[in-house]
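Visitor: Please pick a single part of this structure and give me a close look at it. I would also like to know how its surroundings fit in.

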Amino acid sequence: MQIRQITMREIRMALVTPFETSFGRIAQRRILLLEIAADGTTGWGEVVAGETPFYSPETVDTAWLVLRDFIWPALKGREFCAASEVWGLLTRIRGHNMAKGGLEAAVWDAEARSKGVPLWKLLGGKHEEIPCGVSIGIRPTLDELTVAVQRALAEGYQRIKIKIRPGWDRQPVERLREKFPRIRLMVDANSAYSLKDWPLLKQLEAYYLMMIEQPLGWDDLYAHAELQKKLETPICLDECIHTEEQARAGIELGACRIINIKLGRVGGYTVARRIHKLCEDRSIPVWCGGMLESGIGRAHNIALSTLPGFSLPGDVSASRRYWETDVIEPEVEVTPSGTIRVPTGPGIGYQPRLERIEQLTARKEVLS
Ligand code: OSB
Ligand code: MG
């Protein structure tokens, strides 16, 4: 197959509820969508880079530039047999995984559509229904947090993750345990702590958390290994795992006992599947993280979550938790038992709403 054209669109979408983490607060998203023409069909992908380089070094703007100036020139006119070869064509470009991953995912969608099969089947997925959790941002008060958790539980979500940061850690966890003694609860610090904060993180063990996600430096495996020695609670790595090599090192060093796999952070399905396999071999549970995606990225997360090793509920939840109206048809919905039924149509299995996407588009560039 060959990519004939890439259409880059930056859309702007307001979140239903602003999302606050230890690294910042976001109310309006800028999302880079990719539509590719390949093999007589189209494929869609989403670049999950944020507006700022506060979660990862990439941003929407760096991804735009790297796609136009480096990724497209590396792929233009190249013939390949399958989407699984795209990653290999891009290795000369170091980093920029989210830009690569968005594009690679679009090629997978196109390949699945041209074969008339669901993308998740092409990937080797097994689960036809995936368990869902929610990620709840930092809220102004404990009462508001409690209400948000109550609401998610009432909707059936199987696991609650809350964002923490210094000054918003012990108290919210204590409150939630008081109110909901039996729920599956975890925290995500997005690298807000350092190793010397370990006594505080140790205190959180009193609330039997499923895991503590990315407490320390965004690229610091060593400190996580030191911390994991002091904790019974599993550490789950997010930011630290951007390559297969980092995943292997993290596991070997004992820096984590669980891994959050994000398609964009690792550069697409090829590496995501390698990390998934590695974790399966080492009995490390994995789950699929979210990046406040539109329906396009959400659909890809669902496809990824069907792989057999995705045994824990992820951060992939219903469209309406994020958007008034999503950019796909149908929207992603969650069953009363907190699952998503995997779509059966070809490719990602949801149709992009082109008219709505065009309405939301702030900037567009066609590469051909
Ligand atoms: O750390 O998992 C994270 C959102 C943006 C950047 C990083 C993270 C998150 C989330 C939200 O936790 C997950 C979601 O609901 O999409
Ligand atoms: Mg995280």
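Guide: Let's start at Asp238, a buried residue whose relative accessible area is 0% (buried is under 20%, exposed over 50%, partly exposed in between, with a 1.4 Å probe and protein chains only). Before going further, note that this is a predicted model, in which local features need pLDDT of at least 70 and side-chain atom pairs pLDDT 80 or more, while totals for chains, interfaces and linings use all residues. Residues are numbered from 1 along each chain, chains are lettered from A and ligands numbered from 1 in the order written, and side-chain values use heavy atoms without hydrogens or water.

Asp238 makes a good starting point for the magnesium site. The magnesium ion (ligand 2) has Asp188 (OD), Glu213 (OE) and Asp238 (OD) as its protein donors, at 2.1 to 2.2 Å (donors are N, O and S atoms within 2.8 Å of the metal, or 3.2 Å for Na, K and Ca; with no water among the atoms, a site may look incomplete). Along the sequence, these donor residues follow the spacing D-x24-E-x24-D. Glu213 belongs to strand β8 (residues 212-213), whereas Asp238 sits in the loop between β9 (235-237) and α9 (244-253), so this pair ties together parts that are 25 residues apart in sequence (helices are DSSP runs of H or I with at least four residues, strands runs of E with at least two, numbered from the N terminus). Like Asp238, which is buried, Glu213 is buried with a relative accessible area of 0%.

What about the third donor, Asp188? Its side chain also reaches ligand 1: one of its N or O atoms is 3.0 Å from an oxygen atom of that ligand (a polar contact is a pair of N or O atoms within 3.5 Å). So this residue serves as a donor to the magnesium ion and also has ligand 1 at its side chain. Two lysines approach ligand 1 in a similar way. For Lys163, a side-chain N or O atom is 2.9 Å from an oxygen atom of ligand 1, and for Lys161 a polar side-chain atom lies 3.2 Å from an oxygen atom of ligand 1. Taken on its own, ligand 1 has 380 Å² of accessible area, and the protein covers 97% of that (Shrake-Rupley areas, 1.4 Å probe). There are 16 residues around ligand 1, and those that come nearest are Ser135, Lys163, Asn190, Leu292 and Tyr322 (near means a heavy atom within 4 Å). Lys163 therefore appears both among these nearest residues and as a residue with a side-chain N or O atom at 2.9 Å.

Now a step outward, to helix α11. All 11 of the 11 residues of this helix (residues 295-305) are buried, so α11 is largely enclosed by the rest of the structure. Its buried residues include Arg298, His300 and Asn301 as well as Ile296, Ile302 and Leu304.

Other buried positions lie in loops and in another helix. Val266 is found in the loop between β10 (258-261) and α10 (269-281), and at 0% relative accessibility it is buried. Ala255 occupies the loop between α9 and β10, again buried at 0%. Helix α5 (residues 142-154) holds Val149, which is buried with a relative accessible area of 0%. Leu153, also in α5, is partly exposed at 24% relative accessibility. For a sense of spacing, Val149 and Thr339 stand 17 Å apart, C-alpha to C-alpha, with their positions 190 residues apart in sequence.

Finally, some backbone geometry you may want to check. Glu329 and Pro330 are joined by a cis peptide bond with omega of about -10°, and Pro330 is placed in the loop between β12 (328-329) and β13 (339-341). Asp39, although not a glycine, has a positive phi of about 55°; Asp39 lies in the loop between β2 (24-38) and β3 (41-47) and is partly exposed, with a relative accessible area of 40%. His96 is another residue other than glycine with a positive phi, near 55°. His96 lies in the loop between α2 (86-89) and α3 (97-115), and is partly exposed at a relative accessible area of 30%.
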